[in-house]
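Trainee: Could you take me slowly through one part of this model, the place where the two domains meet, and then show me what the strands of the chain do nearby in the sequence?

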Amino acid sequence: MYQSEYLKKQFITTSAILFSSIAFNAHAATATYDSATGIVDLPVVEVLGGGSSAFYRTQLQLNGNELQLISAESIAAVSGQRNVYDSDTSAVHVASVAVGADEFYAKLRLVPGSNPMRFTVDQLVSNAFQGCPSFAQPGPTANSCALSGTITSDVTLTKNVEWILNGPVYVGGDNAQSATLTINPGTKIVGVGGQGDQAAYLWVRRGSKIMAEGTPDNPIVMTGPSELAAGEWGGFLISGNAPVNGCNEGTPLCEVPFEAIVSETYGGNNPVDNSGVIKYTQVRFAGTAVRPDEELNGVTLNGVGSGTLIDYLQVHEGLDDGIEVFGGTVQMKHLVVTNAQDDSLDWTNGWQGRVQFALLKQSAVIGDRGIEADNNEKNQDSIPRAQPILSNITVIGRSGDSASQSVLLRRGTGANIWNSVFTGSPVCLMIDSPSTYANHDANPGSLTISNSFVNCATNFKDGEGVTFTAESWFSSEPTNKAGDPLLTGYLPASGSPLTLGGAAVSDPFFIPVDYAGAFKDTNSDWTKEWTFSVN
Ligand SMILES: [Ca+2]
Ligand SMILES: [Ca+2]
Ligand SMILES: [Ca+2]
């Protein structure tokens, strides 16, 4: 959320621009359109790409059915409501273009290869409520529309409506009647169903897609009705066609029923399966039980493939895990999990994905593990075996009696952990299960940790079937260190040993870094603005 000092600094450095037509409130237009000249004036466009951003003052001019770039001037960084070009999706999100007395959200799409750049208009939607579309029913409150059942055609959730999940909502059938659910920046979705099979959740099934493209200033929010406690609604789930384990060995196509709702199946043979895009999105106060003792996670990723783009995702105060990954190859950057009441990040069923930059921060009063990692509980040697690559993870554990480890590696899992910091838990690192030790010993490189820091009451703990100690495993790699990482909150303070260098992860998913942990320094807090209640 906005910090007043931060805002003030931005205001001083950019006041010349701001006085022209941008103001620090959600109601001012971020762009104007002059019908006489056909020119769209965008005083601030933030260009996002590769984990960094640049700012421009930009003008586009209508040319036939397209808008052509006629000027782009580099400017200082600006916060507040603004326009965003997201190079991941080639989309320009114009938060609010004034056309006469009305304001519209406009989504522009870059014409591939155009020079000068040209854009088509994908969407032009009034920012005022226009009634409910045919795929929804009128909702219980003003300006709300309710969704229920299964969405089987391509639809868009716009920010001029508060969208109510009235019980379970599915996108697509199971690899049938596939659909794409687009969610615009700034859109709010509220789950209001009951318990059990009436629980409200949003589930993207195999073969369908979600395009949840939020922006730093207009994140997408999925939450409960009162936003006071965990478990107010179900949660957000995706099932994909990427490989999972848990079948009898030799089964050519491994498909697995979801543990909490066994009528739903996930997994397949496509490691690059694409379930869409999730950017700048918050999932808050989820975790309704769908059966006794089967609470949903904030975000559940079942056999989701590496073609899916997940970047800047927060899960706040879910009743079960923050993010639970059931197999697949899904890759994620810039994760924030706060106040998870069970584990912050949990994996099982053979996950072979990637994560870079994750803040996993437990509350002071409740929560189990920072990371709970299984290959498979029932068949601990089931293949494909879990071996995700994780870099730049910060776990801030809680010290209470029932809290456990920052990281528990067990039930046959592999993992390659790089450039990470674990602190504040009763135990930092624990390895458990004969299958985990045996896999490490039989497959060199399958379970590693490098350039990482531990700082817990007890740093290492050994479990059942030990063939080496967690301490010897950690210490055998000389770039690992035990000791105070000198954090201020979750950020490295000046002089922190985390800033002394980074290890290169030899995988193209990872951005090279020269530090350990999720953040480079106090000026590089990428959780600013788009997250909820991180501090
Ligand atoms: Ca769980
Ligand atoms: Ca768990
Ligand atoms: Ca687990």
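**Where the two domains meet**

Mentor: In this predicted model, the C-alpha centres of domain 1 and domain 2 lie 34 Å apart. The domain assignment places domain 1 at residues 5-126 and domain 2 at residues 149-500, and where they touch, 13 residues of domain 1 are in contact with 11 residues of domain 2. On the side of domain 1 that touches domain 2, the elements giving two or more residues are β5 (83-86), β6 (91-99) and β8 (118-126), and the largest share, 3 residues, comes from β6. If you sort the residues on that side of domain 1 by character, you find 5 nonpolar, 5 polar and 3 charged.

Let us turn now to the strands β2, β3 and β4. Strand β2 (residues 39-49) pairs with strand β3 (residues 52-63) in the antiparallel sense, over 9 bridges, and within this pairing E46 stands opposite F55 in β3. The hairpin of β2 and β3 has 2 residues between the strands, and G50 takes a positive phi near 60° there. Strand β3 also pairs with strand β4 (residues 66-75), again in the antiparallel sense and over 9 bridges, with Q61 standing opposite Q68 in β4. In the hairpin of β3 and β4, which likewise has 2 residues between the strands, G64 takes a positive phi near 65°.

Key:
Residues are numbered from 1 along each chain as its sequence is written. Chains are lettered from A and ligands numbered from 1 in the order in which they are written. This is a predicted model: local features need pLDDT of at least 70, side-chain atom pairs count only at pLDDT 80 or more; totals for chains, interfaces and linings use all residues. Domain bounds come from an automatic or database domain assignment. Two residues are in contact if their C-beta atoms, placed from the backbone, lie within 7 Å. Helices (H or I, at least four residues) and strands (E, at least two) are DSSP runs, numbered from the N terminus. Ala, Val, Leu, Ile, Met, Phe, Trp, Tyr, Cys and Pro count as nonpolar, Asp, Glu, Lys and Arg as charged, and the others, Gly among them, as polar. Two strands pair if DSSP finds at least two bridges between them.
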